[in-house]
Amino acid sequence: MLTCVASSFRLFRSAVHSHSFQSRAFAKYAVRKAAGYRKARLNVRRAALSTAAGVPRRHEEQRAHTLTVLHKTTALLPRILPSARLNSSEVSTHESLQFWEEVLGQVYQDLSPSPEQKEKAKVRVVVYGVDEFSGASDLVTALLEDPFVTDEQKKILRSRWEAQPSGRRSITLQYGTSTSSSADVVRVQSAWLQHFGMPLEVSEHRPSSSPETAKALYAADVPVILCNPATTPLPSILPVSTEPPLPVSRQYTILAVSVSSPTQSTAAGQASHVKSLAARDDLRVVFVDPARALRGLEQLGYGPASPLSVQRYQDDITGSNIASVTHAIKEILSGAVGGGVNESESSRAIMVHTQTGQALIRDALMTCRTVLRRVELEANAVLTGTSTLRGQMEEAKARVHLEVFGSPENNGDEIAKAVGQARKSVQVTMDSLQWYQLFWRVDDIREVMTAAVDRAWCRDLERKLVFHAGRLAALQDSFKDSASALCRSFPPSSPYHSPVLHNTLERITSAPSYPLTATALTAPLRTRQSQLGFPTECLHISAQRAVITMSGSMLGGLGVAWAGWASELGLAGGLIHVGMSVETAVGVGMLGAALGVRWAVGGWDKAKKRWWKDWDRVVEGLERDLKSALTRVMVERVIVIPEKACSGLESIVLKRKAEVRELNDEVRRLEAEVDGIDK
């Protein structure tokens with residue numbers, strides 16, 4: 001019985017030798033548990049059938065999850081990336097919406113193939129030389145040429161570009177013996193193309209700035225960028241290259257630096273320097289000498305192979321370090337396949353496409369971050385412009401009061417000086433109106449005081465205000481030009497180019513109240529001067545009252561004195577009798593007249609004091625009105641255009657920053673999702 005079990009196990013081991021590690025685990029379990037052998041064999045067979053049916057469950061889930069994140073990313077891109085033609089000078093190729101839609105569209109096709117397309121799926125390796133001296137053609141030849149193939153095959157490989165029409169910038173190399181129906185596809189019998197255990201094609205692109213070259217580089221499963229530092233300095237393509245954009249920041253990119261006879265001792269230090277330039281520690285950097293590898297192949301290209309030619313071939317191939325490119329490609333592909341090494345070749349190609357899709361999604365999201373960061377910087381630049389303009393406005397508002405009205409600290413208050421001078425001038429006229437002059441000037445009081453006030457009322461201040469109104473008009477034009485220049489500094493494609501804001505500014509400037517006239521600051525002078533009309537009228541009435549009082553008092557006193565004389569002399573037939581002596585009557589009359597005059601003079605003096613109090617109240621209001629008028633003119637006329645422009649732009653900035661925050665949150669969520677695919 002034990003002999004039968006052992007024999008059965010040997011047969012079983014040979015049957016499952018080509019299956020996965022899981023199948024072999026089941027077989028070992030069957031040895032340890034001989035009693036359950038039949039059940040274990042059934043489980044192994046089921047596992048083998050499940051594995052052979054297609055991509056393992058984990059890889060299938062990764063593909064489905066990648067497609068989900070791809071769909072979300074594709075829906076997010078139009079909200080972030082600028083929509084422009086690929087040849088537009090305003091938008092770089094790498095940041096255009098059309099570019100990423102085409103690249104991610106290729107990812108969708110790779111991850112959602114039909115059964116016929118799945119059988120034809122191939123891993124894409126794209127080799128691109130940044131200039132004609134990089135040696136990209138020699139690198140492709142050195143990788144694909146076998147030293148012992150026929151001369152015809154060597155000729156097909158080496159003359160691949162000669163058979164292409166002039167102007168073609170790319171060529172694709174596939175494994176095969178028959179001629180391809182496509183003009184840009186060359187089939188060669190290269191063992192290197194079958195070295196990786198999955199269908200693989202190599203596309204070689206000549207230096208070009210066309211969007212098609214950039215799209216091919218980004219859509220490649222393994223982009224190989226070859227650079228010769230002697231002709232193209234590395235800082236010119238690192239960390240960012242724009243013409244064309246190179247996928248240096250993308251995962252699974254190989255940067256091959258063409259140097260003469262690279263050695264392992266010098267490569268490590270140089271690789272660290274290159275990675276620091278690229279700002280990526282995970283960048284795959286290899287140093288190769290394609291020309292030396294090609295010379296090594298030529299050692300076996302003519303005549304029979306000799307030990308010396310074989311040794312030279314080995315030395316040149318080893319010294320060129322061309323194998324590092326193969327090793328890097330194999331490492332990338334092995335990382336994509338993982339545990340699916342026993343899958344079909346087409347399934348492994350789908351696994352590689354899944355890995356490429358995840359890398360491209362990350363790169364697209366990184367591009368979104370770059371664009372959003374630029375949007376933030378643009379918003380900050382707009383705020384800087386508005387802040388500068390606002391600073392000029394605040395400086396003008398703070399300076400204009402000192403320039404127009406002077407500083408009270410240094411006895412330079414123009415309002416106080418003008419009012420003080422006017423008071424002195426009016427004081428002379430007021431002092432000339434003595435009580436005894438009222439009898440013949442009583443009807444001229446109103447006209448005299450009105451003329452005195454009009455003659456002395458802040459004439460010098462009025463002329464200065466007219467002068468400063470002209471200066472403010474020039475300042476108004478300057479602010480208007482600055483605001484217009486700020487608003488028109490944005491191109492039509494910019495979100496800060498607002499026709500609504502431009503129309504608002506034009507509407508304000510065309511309003512009748514916008515121009516600054518010469519009387520813009522002098523209106524309070526006329527208003528406050530007119531307020532002195534009522535106190536002057538009251539003064540005139542007081543003068544009339546004083547004259548009447550004095551006249552009545554004097555006439556009454558004379559009447560009493562005359563009545564005393566008439567009573568003493570018996571005039572009027574004795575009808576007049578005052579009951580007092582003549583002396584007493586005269587005294588009473590004179591006393592009454594004196595008291596009446598004194599009361600009238602006191603009333604006149606009080607009337608003049610009331611007029612000066614009214615003058616002081618008007619002057620105090622004048623100072624407030626002049627300062628308020630200057631502030632109102634500054635706010636409503638001089639700086640109304642820049643204030644409106646700044647407010648409009650700042651409102652756009654606030655909305656723009658809120659959108660950027662929301663989009664950044666969505667980008668972070670998608671990055672977390674794509675990072676969680678492999679977990």
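Before I count anything, a word on terms: helices here are DSSP runs of at least four residues and strands are DSSP runs of at least two, each numbered from the N terminus. On that basis, the chain in this predicted model has 23 helices and seven strands. The chain has 679 residues, of which 46% are buried, and among its contacts with a separation of 6 or more, 78% are between residues 24 or more positions apart.

Let me start with the sheet. Strands of a sheet pair through backbone hydrogen bonds, and they can do so either parallel or antiparallel. In this model seven strands make an open sheet, which reads E3-E2-E4-E1-E5-E6-E7 across, with mixed pairing. At the edges are E3, residues 185–188, and E7, residues 284–288, each of which pairs on one side only. Going from one strand to the next, the twist averages 25 degrees.

I would like to walk through part of that order, beginning with strand E4, residues 200–205. How enclosed is E4 by the rest of the structure? Six of its six residues are buried, so E4 is largely enclosed. Its side chains alternate, in that Leu200, Val202 and Glu204 point one way while Glu201, Ser203 and His205 point the other way, and all of these are buried. If you are following on the screen, please note that this buried set includes Glu201 and Glu204 as well as His205.

Which strands pair with E4, and in which sense? With E1, residues 123–129, the pairing is parallel and runs over six bridges, and one residue pair to look for there is Val127 with its bridge partner Glu204 in E4. With E2, residues 170–175, E4 runs antiparallel and is joined by four bridges, where Ser170 has His205 of E4 as its bridge partner.

E1 also pairs with E5, and here the two strands run parallel and are joined by five bridges, with Gly129 standing opposite Leu226 in E5. E5 itself is mostly covered, since six of its six residues are buried. From E5, Val222, Val224 and Leu226 point one way, whereas Pro223, Ile225 and Cys227 point the other way, and all are buried. E5, which spans residues 222–227, then pairs with E6, residues 254–258, in the parallel sense over four bridges. Within that pairing, Leu226 has Ala256 of E6 as its bridge partner, and Ile225 stands opposite Leu255.

Let me turn to a single residue, Arg206, which lies in the loop between E4 and helix H9, residues 211–219. Is Arg206 buried, partly exposed or exposed? Its relative accessibility is 34%, and because the partly exposed class runs between 20% and 50%, Arg206 counts as partly exposed. Leaving aside residues up to four places away in sequence, Arg206 touches Tyr128, Trp161, Arg168 and Arg169. The C-alpha atom of Arg206 is also 8.0 Å from that of Ala136, although the two residues are 70 apart along the chain.

My last topic is helix packing, and I have two examples. Two packed helices are described by the angle between their axes and the distance between the axes. For H11, residues 290–299, and H12, residues 307–320, the angle is about 165 degrees and the axes are 8 Å apart. These two helices are therefore roughly antiparallel to each other, and their crossing is left-handed. On the H11 side the contact involves Arg292, Ala293, Arg295, Gly296, Leu297 and Gln299, and these meet residues of H12 that include Arg312, Tyr313, Asp315, Asp316 and Ile317. Sorted by class, this contact has four nonpolar, five polar and five charged residues.

The second example is H19, residues 499–509, with H23, residues 640–675, whose axes come within 10 Å and cross at roughly 165 degrees. H19 and H23 are therefore roughly antiparallel to each other as well, but H19 passes H23 in a right-handed crossing. From H19 the contact uses Leu501, Thr504, Leu505, Ile508 and Thr509, and from H23 it uses Val640, Ile641, Lys644, Ala645, Gly648 and Leu649. What is the make-up of the contact of H19 with H23 by class? Its residues divide into seven nonpolar, three polar and one charged.

Terms used:
Residues numbered from 1 in each chain as written. Predicted model: local features only at pLDDT ≥ 70, side-chain atom pairs only at ≥ 80, totals over all residues. Heavy atoms only, no water. Axes fitted to C-alpha atoms, helices over the stretch in contact; angles between N-to-C directions. Parallel < 35°, antiparallel > 145°, perpendicular 65-115°, else oblique. Left-handed = near helix turned anticlockwise from the far one by under 90°. Contact = heavy atoms within 4.5 Å. Nonpolar A, V, L, I, M, F, W, Y, C, P; charged D, E, K, R; others polar. Pairing = 2+ DSSP bridges. Buried < 20%, exposed > 50% of the residue type's maximum accessible area, 1.4 Å probe, protein only.
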